[in-house]
Amino acid sequence: MSNIRITKQFSFETGHALYGYDGKCKNVHGHSYKLSVTVIGKPIDNTSNVKHGMVIDFSDLKKIVKNEIVDVFDHATVFNKNTPHVELAKELEDRGHNVLLVDYQPTSEMMVIDFAEKIKKHLPQHITLHSLKLQETETSFAEWYSTDN
Ligand SMILES: Nc1nc2c(c(=O)[nH]1)N=C([C@H](O)[C@H](O)COP(=O)(O)OP(=O)(O)OP(=O)(O)O)CN2
Ligand SMILES: [Zn+2]
């Protein structure tokens, strides 16, 4: 049976600020992120399996990515907890805002690395994470490929 790549796409709205950056993205601002998740595996070849013909049910992939990423990042503001932004984060949290502290600079590169680790932990054994594409704006995106790592 051939190996097949399948992809599911997601979107979420997230705020962030790049502490120490020398451009406008040092300010708190937000993006409508688009995330494409591609996994690779062989379609199940067993007529008595309800998932016959599927690498992984798109809805099972959706559950993993929704639980691990979309529901966590959507309408949250992400700050690097290793910077003075942690004080701003605390103030916002105390005022009831949805704040997410991460231990990295929240660029699209670093977020996609984080997402890859989170998704890999929850995939069934016979499925491999092939790649992720995180689109921050219409013209900017970062990609993670298993073959590069
Ligand atoms: N390598 C990276 N560079 C930048 C990142 C990043 O995550 N990785 N992030 C930002 C900002 O957060 C923001 O995304 C601005 O990006 P940019 O593409 O510069 O956005 P613009 O709207 O100015 O782009 P246009 O050229 O107008 O489409 C900055 N850099
Ligand atoms: Zn940004």
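A residue is called buried if 20 or more other C-beta atoms lie within 10 Å of its own, exposed if 12 or fewer, and partly exposed in between, with C-beta atoms placed from the backbone. This is a predicted model, in which local features need pLDDT of at least 70 and side-chain atom pairs count only at pLDDT 80 or more, while totals for chains, interfaces and linings use all residues. Residues are numbered from 1 along each chain as its sequence is written, and chains are lettered from A and ligands numbered from 1 in the order in which they are written.

**Exercise 1.** Find where valine 37 sits and decide whether it is buried or exposed.

*Solution.* Start with the element: valine 37 belongs to strand 2, strands being DSSP E runs of at least two residues and helices H or I runs of at least four, numbered from the N terminus. Next, count neighbours: valine 37 is buried because 24 other C-beta atoms lie within 10 Å. Finally, list its contacts (C-beta atoms, placed from the backbone, within 7 Å): leaving aside neighbours within four places in sequence, they are Thr7, Lys8, Leu61, Val65, Ile119 and Leu132.

**Exercise 2.** Take the residues of the "binding site" feature and compare the burial of histidine 16 and histidine 29.

*Solution.* First, the record: an unreviewed UniProt entry places the feature at His16, His29 and His31; positions follow the numbering used here, feature names are shortened, and annotations may be inferred rather than shown by experiment. Histidine 16 lies in strand 1 (residues 4-16), and histidine 29 in strand 2 (residues 29-41). Now count: histidine 16 is buried because it has 26 C-beta neighbours inside 10 Å, whereas histidine 29, with 12, counts as exposed. Not counting residues up to four places away in sequence, histidine 16 touches Thr77, Val78 and Pro106.

**Exercise 3.** Work out which residues of helix 3 are buried and how they are arranged around its axis.

*Solution.* Check the length to begin with: helix 3 (residues 108-120) has 13 residues, so at 1.5 Å a residue (times one less than the number of residues) it should span 18 Å, and its end C-alpha atoms are indeed 18 Å apart. Then pick out the buried residues: Met111, Asp114, Phe115 and Ile119. Looking down the axis, these buried residues fall within an arc of 130° (taken from the directions from the axis to the C-beta atoms), so they line one face of helix 3. Last, see what they meet: the buried residues pack against strand 2, helix 1 (58-73), strand 4 and strand 5 (128-137).

Terms used:
Two residues are in contact if their C-beta atoms, placed from the backbone, lie within 7 Å.
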